[in-house]
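Colleague: I'm new to this structure and would like a close look at just one part of it. Could you pick a helix and walk me through its surroundings?

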Amino acid sequence: MQPSLSEVEYGQRRRVPKREAFLKQMDAVVPWVDWVALIEPHYYSNKRGRRAVPIETMLRMYLLQVWFHLSDEGVEDQINDSFAMRQFMRLDFGRQQVPDATTLLHFRHLLEKHQLGAAMFASLNAKLEADGLVMRGGSIVDATIIAAPSSTKNATGTRDPQMRQTKKGNQWYFGMKAHAGVDAGTGLVHSITVTAASVHDLDEVTHLVRADDQVVYADAGYQGVEKRSEIINDEHLAQVEWRVAARKSALKQMHPHEQAIESRKASVRAKIEHVFLIVKRDFGFAKTRYRGLAKNLHHLQVAMASANLLMTARATMIQARMNTAITTA
């Protein structure tokens, strides 16, 4: 297709905006064929009436919603306003328009109903492992609080009944917890669960460890994990080496050699913080958008899959730069 005059002019800019660079990077790594194939058996197949919007078009629109934490109406407006988003959507306004917010709402509900977020996350991880991008033998587990609106100024006049309060430090938080298991070698997420914020991190740890993990890293909140009955009574988990961080009060009294060991353990655990940083800062998922744990779990699964893609793309880019530097040296 011949580019329009506006596209030619747009391509003459001296600097590519961060949003456009991000979208081009993600467009190149998202497994479009695999994810479209997962959705296709559940998608609308209208033989009469208006033709359904192509699955990939709706998937692209939904991913924009996840990556930029937008409402259904918000993502429609942003695509109409942003040239970079329009390019990502592969829309030609001379022949087609942006799907409206109601169409996106129905598509999102379809994904949630058939738990396709979990399927997309699992499919991507299987592909990454087949490509040799996932290591085995060690995991990092942690949890992060995702706040929920505490206001009762809504249609029901109540707070979300599935969210709870928890205290961290001297501050109270209302919302849910996202629990994650991350590959210790690569930092890629392999397991996700969500609970109310009041649930202790230790209660979800058995769901975050892989069957072949021999070592698990965790922060001080997981102290005593090896003594829990579900760990002791599990043949595999009882054999795992739990490398749990020492509490700050104990760290100050340690020998310098022991402090150095704790520092090395912390450098490994930092990989999971990087994942949470992407999801909460880059993708804006620091606060729930939907009511109930199920919808937010679906959103988190797609966000975590996207985080894996982004980290893989960045690692590939860094490796390419290193190879170029070595070649030109």
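Modeller: Here is a walk along one helix, H4, and its contact with another.

A word on the source: this is a predicted model, where local features need pLDDT of at least 70, side-chain atom pairs count only at pLDDT 80 or more, and totals for chains, interfaces and linings use all residues. Residues are numbered from 1 along each chain as its sequence is written, and side-chain values use heavy atoms, with hydrogens and water left out.

H4 covers residues 55-68; helices here are DSSP runs (H or I, at least four residues), numbered from the N terminus. Its 14 residues reach 20 Å from first C-alpha to last, close to the 20 Å expected (1.5 Å times one less than the number of residues). H4 is largely enclosed by the rest of the structure, because 12 of its 14 residues are buried, meaning under 20% relative accessible area with a 1.4 Å probe, protein chains only. Among them are Ile55, Met58, Arg60 and Gln65.

Now for the partner, H12 (residues 293-328): the two helices pack at about 90°, with axes 10 Å apart. Axes are lines fitted to C-alpha atoms over the stretch in contact, and angles run from 0 to 180 degrees between N-to-C directions. That makes H4 roughly perpendicular to H12, a label for angles of 65 to 115 degrees.

On the H4 side, Tyr62, Leu63, Val66 and Trp67 meet His298, His299, Val302, Ala303 and Ser306 of H12, contact being heavy atoms within 4.5 Å. Just after H4, histidine 69 takes a positive phi of about 50°.

How values were computed:
Angles under 35 degrees count as roughly parallel, over 145 as roughly antiparallel, 65 to 115 as roughly perpendicular and the rest as oblique. Buried means under 20% relative accessible area, exposed over 50%, partly exposed in between (1.4 Å probe, protein chains only).
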